[in-house]
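Here's a guided walk through a structure you haven't met before. Have the sequence and the 3D view open, and follow along from spot to spot.

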Amino acid sequence: MKALILVGGYGTRLRPLTLSVPKPLVDFCNKPILLHQVEALVKAGVDHVILAVSYMSDLLEIEMRVQEERLGIRISLSHEKEPLGTAGPLALARELLKVDNEPFFVLNSDVICDFPFKDLLQFHHNHGKEGTIVVTRVEEPSKYGVVVFEADSGRIHRFVEKPQVFVSNKINAGIYIFNPSMLSRIQLRPTSIEKEIFPVMAEEGQLYTMELQGFWMDIGQPKDFLTGMCMYLQSLRQHAPERLRTGPGFLGNVLVDPTAQIGENCTVGPNVTIGAGVVVEDGVRIKRCTVMKGARVRSHSWLESCIVGWSSSVGQWVRMENVTVLGEDVIVNDELYLNGANVLPHKSINESVPEPRIIM
Amino acid sequence: MLKAVILIGGPQKGTRFRPLSFEVPKPLFPVAGVPMLQHHIEACAKVPNMKEILLIGFYQPNEELTRFLFNAQQEFKISIRYLQEYAALGTGGGIYHFRDQIVSGSPEAFFVLNADVCSAFPLAEMLSFQKEHGEPNSLVILGTTANRKQSMNYGCIVENEETHEVLHYVEKPSTFVSDIINCGIYLFTPDIFQHIGAVFQKNQQDMLLEEPTNGWHRAEAIRLEQDIFTALAAQGKLYVYKTLSFWSQIKSAGSAIYASRLYLNQYHTTHPERLASNKEGGPKISGKIYLNCVLGPNVSIGTGVTIGAGVRVRESVILHGATLQDHCCVLNSIVGWDSTIGKWARVEGTPSDPNPNDPFAKIDSETLFREGKLTPSITILGCNVTIPSEVIILNSIVLPHKDLNRSFKNQIIL
């Protein structure tokens, strides 16, 4: 089976992290985002993954070769030279997707959840129509595209983009499965799948929804990245609790790479991810944070709701909070206070940032 | 023989020192580990022939003051008495009212010092200067140099550069007059009382022309600066001795930290025993202190303070009985008596230090609010305040006996 992952462009919403590394390769809970998705697809029988990119990255190509080897599958790149919207990339990859006439998966690269690819395939076979969209329930639907559908069959009535009044609390989760016949609906030009393709398919009774069980998050920006991390760690606790770190000094769900070192008298968690080779010195308090590979957090510091970028160094007695994001190789000097600071790579910070701002 | 008079003010004065002045009269607030007044008394006691120190103010007799006087007399072996004004009589009215006490024993001269200044107190030098300049019995004002802009916040002195006579004096002018400012430390002779007496008579006469209510108080309220110095300038009686040694006003809590630093620097030569050996600037550290702490520069720690593991304190004063729990960080703050700071908490203020690149810059006496917002300054925790773990208290003032339950920034917490 095949899958198309809509990777897109520069990943600007996840800067400064995406200034160092293409978005699919940003580590989410100690594994590149892309890999969470690809591994789940492989488990459901996918042997060919096509990445639809609008920005070519050497790093991405190298990583693709590595994963092809490792997972024993084929990974292709479909490169759009001009913007094709959310449906156009499917037309671009038409030749790859049409082969052997099987349904294919499509997903947004920013989405994290308990990927239900096997169930989705089954559900899709059962109703036998052209397409199935996964929907998920959210608290604030008007931030997204809302789907109105028949509860028992899943047959879609209509879509409403960012509704002003409450219509439904189910939104498009960015995960689909289509029959190849659907490709003839899309021309090779900038096309919006939500606005131009889906409504027609829904009208013809060819589009159904499957409701997602469990957590879902679009981790395309730092605030949501951290929220998604909390959800994922909670899901780990339910399905694979042995992967979480417990013991004195660890509270709640904490994921620690085996090569990381944690000092004495620290309190880590809840909801913390510590990457490979990270050093956390004595007396540190971390909660609701991601610390990327090779970073160092020096003694007696206090971090809440932060992302510490690869190889960064946080000084002693530093306080960081409120979605402070450090890019790659940032140095924060001792005794500073960072509140909502967004720090670009290779920067040295020697002044406190008491109110949220971007540090270039 | 010589005497010294220290003007200590009263509760209506020094309100910028709240909430710390709720617990202790401002002149007794610890600066560099000892009560503010002690630095004055020490300097006076060192002058040869100093026979008596008189404190003049309008504080009601209170336990702290009485205890302080008792201890000071024991330590410095000199007579120290408190003369309480019946009302606020001004910088001149108080000494005039008690002139008999001051001149009893016929001192040749007497110093007058304001309590709320921090200084190296070059008193012996002022004495030598007085003998060498002007007629016998000239009056000397200690002066120092300020930058042009800040000089207008002080008493400004225009001097004759050769004779050092004061040609002109004006208190807090609104336009630039001189960059030599009045340090609030004077050397007078009993002649001064003639001049003050003249002003008093004049006030009384003016009083008769107006309604007789409150007349008695107002006639006696005399300000040395506006009423005496201004009149005496250019009459061959008033001289200025300029000093390059350190000097600062102590009007607000923020300036207390700056003054602390000035005195602590002086301790290297005058009182090295007051400095902690392996940490900078901390007298009398008692209670438990773990090895992973970093204390200093410019830190004063009171008695009975408990400091946990991994604590960082910089540019701050920790008053008696306070507790700082593990990993907390205290920067540019004053932590009140018996307060508690929780684990990993951050208590931080903004220093209002003068520009270090300008040798004549003085500490700013900023207003509390500017454009409707609290001016960022030293964080002050009043006595018995509890700060919970893991919060940040930034640029805030917390009144005594308050238990906080969250972070605060740029606020006064009642």
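Let's begin with a single residue, Leu25(A), which sits in the loop between strand S1 (2-8) and strand S2 (27-28) of chain A. Keep in mind from the start that this is a predicted model. Leu25(A) has a relative accessible area of 12%, and since anything under 20% is called buried, Leu25(A) is buried. What does Leu25(A) touch, not counting residues up to four places away in sequence? The list is Pro32(A), Leu59(A), Leu60(A) and Glu63(A). Thr12(A) is 13 residues away from Leu25(A) along the chain, and the C-alpha atoms of the two are separated by 14 Å.

## A pocket in chain B

Now for some empty space. The second largest pocket has a volume of about 1,000 Å³. It is lined by 40 residues, and those closest to its centre are Lys13(B), Thr91(B), Asn114(B), Asp116(B) and Lys251(B). By type, the lining splits into 14 nonpolar, 16 polar and ten charged residues.

Several elements of chain B each supply at least two residues of this lining, among them strand S1 (2-9), strand S4 (50-57), helix H3 (90-97) and helix H9 (224-232). Which strand gives the most to the lining of the second largest pocket? That's S11(B), with four residues. If you want to find S11 in chain B, look at residues 180-188.

## Where the two chains meet

Next, the contact between the chains. Chain B puts 19 residues into the contact and chain A puts in 20 residues. Together they bury about 1,400 Å², with 48% of that on carbon and sulfur atoms. On the chain B side, Trp344(B), Arg346(B) and Glu390(B) supply 44% of the area buried against chain A, more than any other three residues.

There are also four salt bridges between chain B and chain A, while the count over all chains comes to 31. One pair to look up is Arg312(B) and Glu335(A). Arg312(B) is in strand S17 (residues 312-314) of chain B, and Glu335(A) is in the loop between strand S27 (331-332) and strand S28 (337-339) of chain A, so this pair joins two chains. Are these partners buried or exposed? Arg312(B) is buried, at a relative accessible area of 6%, and Glu335(A) counts as buried too, at 10%.

Here are three salt bridges side by side, with the distance from N to O.

| Salt bridge | N to O distance |
|---|---|
| Arg312(B) and Glu335(A) | 2.4 Å |
| Arg67(B) and Glu63(B) | 2.8 Å |
| Glu348(B) and Arg346(B) | 2.8 Å |

Take the Arg67(B) and Glu63(B) pair. They are four residues apart in helix H2 (residues 63-76) of chain B, so about one helical turn separates them. Arg67(B) is partly exposed at 45% relative accessibility, whereas Glu63(B) is exposed, with a relative accessible area of 59%.

In the last pair of the table, Glu348(B) and Arg346(B) are both buried. Salt bridges can also share partners: that is how Arg285(A), Lys287(A), Glu304(A) and Glu390(B) are joined into one network. You've met Glu390(B) already, as one of the three residues that supply 44% of the area chain B buries against chain A.

## Some backbone details

Finally, a look at the backbone. The peptide bond from Gly269(A) to Pro270(A) is cis, with omega near 5°. Pro270(A) lies in the loop between strand S16 (267-268) and strand S17 (272-274) of chain A.

Chain B has a cis bond to show as well: the one from Gly296(B) to Pro297(B), with omega near 0°. Pro297(B) is in the loop between strand S14 (294-295) and strand S15 (299-301) of chain B.

Asn298(B) is in that loop between S14 and S15 too. Though it isn't a glycine, Asn298(B) has a positive phi of about 55°, and at 7% relative accessibility Asn298(B) counts as buried.

Phe121(B) is another non-glycine residue with a positive phi, here about 50°. You'll find Phe121(B) in the loop between strand S7 (117-119) and helix H5 (123-132) of chain B. With a relative accessible area of 7%, Phe121(B) is buried.

Conventions:
Residues are numbered from 1 along each chain as its sequence is written. Chains are lettered from A and ligands numbered from 1 in the order in which they are written. This is a predicted model: local features need pLDDT of at least 70, side-chain atom pairs count only at pLDDT 80 or more; totals for chains, interfaces and linings use all residues. Side-chain values use heavy atoms; hydrogens and water are left out. Buried means under 20% relative accessible area, exposed over 50%, partly exposed in between (1.4 Å probe, protein chains only). Contact means heavy atoms within 4.5 Å. On a 1 Å grid over the protein atoms alone, a cavity is a set of points where a 1.4 Å probe fits but cannot get out, and a pocket is an open set with protein on both sides within 12 Å along at least five of seven lines; lining residues have an atom within 4 Å of a point. Grid points are joined across faces, edges and corners, and a volume is the space filled by probe spheres set on the points. Ala, Val, Leu, Ile, Met, Phe, Trp, Tyr, Cys and Pro count as nonpolar, Asp, Glu, Lys and Arg as charged, and the others, Gly among them, as polar. Buried area is the accessible area (1.4 Å probe) that two parts lose on being put together, summed over both. A salt bridge is a side-chain nitrogen of Lys or Arg within 4 Å of a carboxyl oxygen of Asp or Glu.
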